Amino acid sequence: MQKRPVTQTPSPAAPDPEYLATVRIDAAPTGKKFQGVWLELGAQKRWVIDYRPTEIWRSFENEAVIVTGHCYEPRGQAFNQPHFKVATMRFARAPSRAVPYRSLGPEQLLRGAFVEHVWPAGTRRAGDVERQFRADDISYGLAGGAERTSSDPVAITARLLEPDPTYSATTGAPVVFVIAVHPHDHEPSPAPAAEPCP
C-alpha cells in the first residue's frame, strides 16, 4: 500500500506586536519645518511617526493608544530619532474629548476616481453634493488629506478610518483619509525593512 504524502498546514502568521503609547505633537515647527508627531512609551522612550502634524493624528493627540507597526531606518536625510511606521492605531480607552474617528487602519493603495455623490430627496442632506472616492464598486467617504481636483482615474494612498457615530452622523460607508494622489498606474516603492525597536 502506497503511503499518502503528508501535507503540512501552514502556521498562521504571528500577530503584529501591540504597543501602548501616548501620541504627542510638537507645539511648533523647529529647523527645516520639522514638527514631530511622536509615540511616547514612557518617560525615556519615544518614536517619531510623522514629520508634520497632519490632521489624521489630531484625533489621537495626548491620548493613550494601542498601535501596531514596526521601527525602520528612513532613507536619505532624516531626523536622528527612532522612526516607527504605524500600521494600525486605536484608543486604549475612551478618549478625553469628542473625536471624529475611533481607529485607523494600515496604508493601502486604491485605484479608482473621485466622484460627486448627490444626497437623495427625503434624506437630511437632500441635494447636498459630497465628494467620494470610488474603487472596485465601493464608494468611500473622504475624511480629508491630500487635495483632490480631478475626476480622472487615479491611485490613492489612503488609510481606512473607523468613524465615531456619536461625533457626527454617518452614511455607514467606509471612510478614508487620503495621504497622496498618484497617476492611475502608480506602483509604490518598497517599504523600508522592519528593524528591532530600541
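**Exercise 1.** In this predicted model, find which residue of strand E9 stands opposite Glu107.

*Solution.* Start with the strands. Strand E6 covers residues 101-118 and pairs with E9 in the antiparallel sense, over 9 bridges. Next, locate Glu107, which lies in strand E6. The residue opposite Glu107 in E9 is Arg159.

**Exercise 2.** Determine which strand is joined to E9 by 8 bridges, and in which sense the two run.

*Solution.* The strand is E10, residues 175-183, and E9 and E10 run antiparallel. For a matching pair of residues, take Val154, which stands opposite Pro183 in E10. E9 therefore pairs with E6 as well as with E10. Finally, check how covered E9 is: of its 10 residues, 154-163, 7 are buried.

**Exercise 3.** Identify the salt-bridge partner of Glu107 in strand E5, and decide how exposed the two residues are.

*Solution.* The side chain of Glu107 meets that of Lys85 in a salt bridge, with 2.7 Å from N to O. Glu107 belongs to strand E6 and Lys85 to strand E5 (residues 83-91), so the pair links parts of the chain that are 22 residues apart. For the exposure, recall that partly exposed lies between the limits of 20% and 50%. Glu107 has 34% relative accessibility and so counts as partly exposed. Lys85, at 32%, also counts as partly exposed. A last step widens the view: Lys85, Glu107 and Arg159 are linked in a network of salt bridges.

**Exercise 4.** Explain why the salt bridge between Arg111 and Glu187 ties together parts that are far along the sequence from each other, giving the separation in residues.

*Solution.* First confirm the contact: the closest N and O atoms of Arg111 and Glu187 are 3.2 Å apart. Then place each residue. Arg111 lies in strand E6, while Glu187 lies in the loop between E10 and strand E11 (194-195), so the parts tied together are 76 residues apart in sequence. As for exposure, Arg111 is partly exposed at 28% relative accessibility, whereas Glu187 is exposed, with a relative accessible area of 58%.

**Exercise 5.** State how many salt bridges the structure holds, and describe the one between Arg24 and Glu40.

*Solution.* The structure holds 9 salt bridges. In one of them, the side chains of Arg24 and Glu40 meet at 3.1 Å, N to O. Arg24 is in strand E1 (residues 18-25) and Glu40 in strand E2 (residues 37-40), so this pair ties together parts 16 residues apart in sequence. Arg24 counts as partly exposed at 31% relative accessibility, and Glu40 counts as partly exposed at 26%.

How values were computed. Residues are numbered from 1 along each chain as its sequence is written. This is a predicted model: local features need pLDDT of at least 70, side-chain atom pairs count only at pLDDT 80 or more; totals for chains, interfaces and linings use all residues. Side-chain values use heavy atoms; hydrogens and water are left out. Buried means under 20% relative accessible area, exposed over 50%, partly exposed in between (1.4 Å probe, protein chains only). Helices (H or I, at least four residues) and strands (E, at least two) are DSSP runs, numbered from the N terminus. A salt bridge is a side-chain nitrogen of Lys or Arg within 4 Å of a carboxyl oxygen of Asp or Glu.
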